[in-house]
Structure formats: C-alpha cells, structure tokens
Amino acid sequence: MGVRPEGSHGTPNGMRFLLVSALALALACGGDDRSPDSGSPAADAASTPTPLRVMTWNVENLFDEMDDPETMDDVPTAGAVQRKLDDIAEVVRAVNPDFLALQEVENIGILDRLADELDGLGYVHTGLVDSTDPRGIDVAFISRVPLAEYPTTTSHIGERFPEADGTGTVDFTRDALEVFLDVEGKTVGIVIVHFLSRRNNDADKELVRQSEALQTMRIAQARMDGGMDRVLVMGDMNDRPDSPTVTNVLSGSLTNVTQRVANDDRWTYVFDGVRQQLDYIMASPAMNTMARDVVILHTDAVDAASDHKPVAADFVVE
C-alpha cells in the first residue's frame with residue numbers, strides 16, 4: 001500500500017512511502033506526545049524509560065537489477081543484488097537496531113527486499129522519498145518502532161532555502177527526511193540526511209553542503225523550539241568533524257554523540273588511504289542526556305557490504 005505521509009511536500013517524482021504491517025511489533029507502543037493526565041496509563045507509559053537503538057549506514061549503491069531510464073543508476077546482475085542484500089542484512093542482524101536510517105537506496109522496491117531479508121526482527125515500517133539525485137539514490141528507513149500518529153513523516157524535497165553565503169537559494173539533493181517515532185507514548189523525531197558528495201569537490205559543492213547543513217539545523221531546531229525535546233539527526237554528511245558543514249549542523253542545540261566513540265575508532269570512510277569520519281548521529285539536549293553506548297562498526301562483514309561504516313547508538317528514552 002502506497003501512502004503519502006501527512007505534512008510531506010510534493011516532489012517531481014512523487015512520494016512513495018510503504019507501511020509494512022504483516023510482522024509483529026518488537027516493541028509495545030501507544031499514546032502520543034501530549035501531556036496526559038497524571039496517574040493515567042498514558043502518563044505511566046510516558047514516565048517509563050524505554051531503550052531505543054538507532055543505526056545509520058550509507059550502504060553504497062543499493063540498486064536493483066532493473067534499469068531506470070530517468071536516472072543514471074547502476075544496473076547490477078540479479079546475483080550481485082542478492083549478495084548485496086545478504087551482506088547488508090548480516091550486519092543489520094548483528095546490530096539489531098530498532099530504527100535503521102539508510103543512505104544510497106534506489107527505490108522502495110529494493111528497500112522492501114532488504115526488509116524481507118530481515119524477516120523475524122520485527123520490522124514493520126519502511127519508507128523513502130524519491131529524490132532528485134541524478135543517480136536516483138535516496139535516504140530511507142526501516143523501523144520496528146511504530147510511527148507517531150501525526151505527523152508520520154515529513155519530506156523536504158523541493159524546498160528552496162538560503163545558501164550559506166546568502167547569495168542565492170538551493171535545495172536538498174537527497175532530502176532531509178523527518179520520521180517521527182512513537183516510543184512507548186514518547187515522540188522521537190529523526191532527520192535522515194545525505195549531503196552532497198565530495199566527488200570532484202570544489203567551492204560550489206562545499207557551499208551546497210554547508211547550506212544543506214544549515215537548513216538541517218533549522219529543521220531540527222524548529223522541532224525543538226516547537227516543544228519536541230527528543231530529536232536526532234543522522235546520516236552521511238560527507239564532511240569531516242572540523243568542517244564548516246558539520247559546524248553548521250551543530251550551530252543550534254544539537255550535540256555530536258559520535259564524540260563518545262574512542263578517537264582511534266571514530267572513522268567511517270577511507271579515501272586515498274586516509275581514515276575520516278563522514279557519518280554522524282547528532283542529538284538534541286534531551287536525547288544527548290539519554291545517550292548510552294555509541295559505536296562505529298569496523299568488521300569484515302561491514303567491509304563486504306559497503307565502503308562506509310555504520311554508526312549505532314543506544315538511548316534510554318524518558
């Protein structure tokens with residue numbers, strides 16, 4: 001069943017969002033984020049700490065075996081696609097996140113095939129928005145946690161926003177997709193991003209990334225200023241921790257929780273033999289206090305699946 005999430009914005013290719021309801025929930029959830037009456041069941045749920053494990057991963061060119069004439073997509077063989085799905089699923093099963101943010105996913109069909117590979121883990125929701133990226137790669141998510149009743153998701157594809165230097169406007173290449181979770185009656189807002197690539201990098205690309213970063217900060221900050229205390233930003237920001245891009249994301253109230261990872265392990269990508277961090281999880285002040293373990297995975301299974309390393313974090317949501 002295709003669903004257009006409430007509060008989303010139109011895109012040239014349209015919204016394709018799928019709720020998969022056949023699997024059993026792994027977490028019992030209910031209620032919403034409004035202040036319930038003291039002593040009510042909803043109040044008890046809202047006051048009970050709830051574990052939440054999230055993970056973000058650029059899975060590197062998760063394409064299907066069919067050519068999309070509207071994009072410059074890769075067209076791997078059926079066997080290569082299945083091996084890719086198997087390799088990704090092996091890593092995800094080992095981490096077993098409640099919410100999985102992904103980058104470089106071609107379409108809802110291949111996303112759902114990945115969800116099928118994860119059968120038995122209780123994942124019930126998958127979703128993505130078709131982006132304007134020329135290669136057709138999108139940000140996406142898979143979740144076992146129920147989505148909030150309203151809003152469910154919000155896409156920012158097609159929205160124009162100021163360039164970081166104030167000279168013009170730009171839009172997201174691959175969206176800043178907001179997903180709202182209902183974690184035992186407590187709303188957690190997650191913004192999934194994949195900023196413009198550093199391939200053939202120049203000043204214009206630097207400016208786009210810095211602009212995407214500032215707008216991502218504004219989106220997250222608006223949620224916090226509107227009373228949503230529990231907010232995360234996660235994804236491939238395609239820049240180093242000390243870059244203007246990452247500095248712009250952190251120019252509001254967000255904190256980089258990957259700073260909790262030991263310095264020697266704090267890398268997610270290798271370019272020309274140099275280890276660097278491009279992938280992050282950022283947290284609102286409230287979520288930062290709820291953060292527990294944060295890890296970046298460096299395993300043979302990860303290497304077999306992607307050129308990026310996944311970042312995972314445990315929170316106790318209160």
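**Figure 1. The surface of the whole chain.** In this predicted model, about 13100 Å² of the chain is exposed. Carbon and sulfur atoms supply 49% of that area. As for what's tucked away, 56% of the 318 residues count as buried.

**Figure 2. Helices, strands and contacts across the chain.** Here's the overall inventory: seven helices plus 17 strands. Take the contacts in the chain with a separation of 6 or more, and 73% of them come from residues 24 or more positions apart.

**Figure 3. Strand β5 and its two covered faces.** Zooming in on residues 138–143, we get strand β5, which is mostly covered. Six of its six residues are buried. One side of β5 carries Asp138, Ala140 and Ile142, and the other carries Val139, Phe141 and Ser143. Both of these faces are covered, with every one of those residues buried.

**Figure 4. Strand β3 alongside β5.** Strand β3 covers residues 99–105 and pairs with β5 in the antiparallel sense. Six bridges hook the two up. For a handy spot to look at, find Gln103, which stands opposite Val139 of β5. Val139 is also one of the buried residues on its side of β5, along with Phe141 and Ser143.

**Figure 5. Strand β4 alongside β5.** Strand β4, residues 125–129, is another antiparallel partner for β5, joined to it by four bridges. Thr126 is the residue to pick out here, with Ile142 in β5 as its bridge partner. Ile142 turns up among the buried residues too, on the side of β5 that has Asp138 and Ala140.

Notes
Residues are numbered from 1 along each chain as its sequence is written. This is a predicted model: local features need pLDDT of at least 70, side-chain atom pairs count only at pLDDT 80 or more; totals for chains, interfaces and linings use all residues. Side-chain values use heavy atoms; hydrogens and water are left out. Buried means under 20% relative accessible area, exposed over 50%, partly exposed in between (1.4 Å probe, protein chains only). Contact means heavy atoms within 4.5 Å. Accessible areas come from the Shrake-Rupley method with a 1.4 Å probe; for residues, only the protein chains shown count as cover. Two strands pair if DSSP finds at least two bridges between them.
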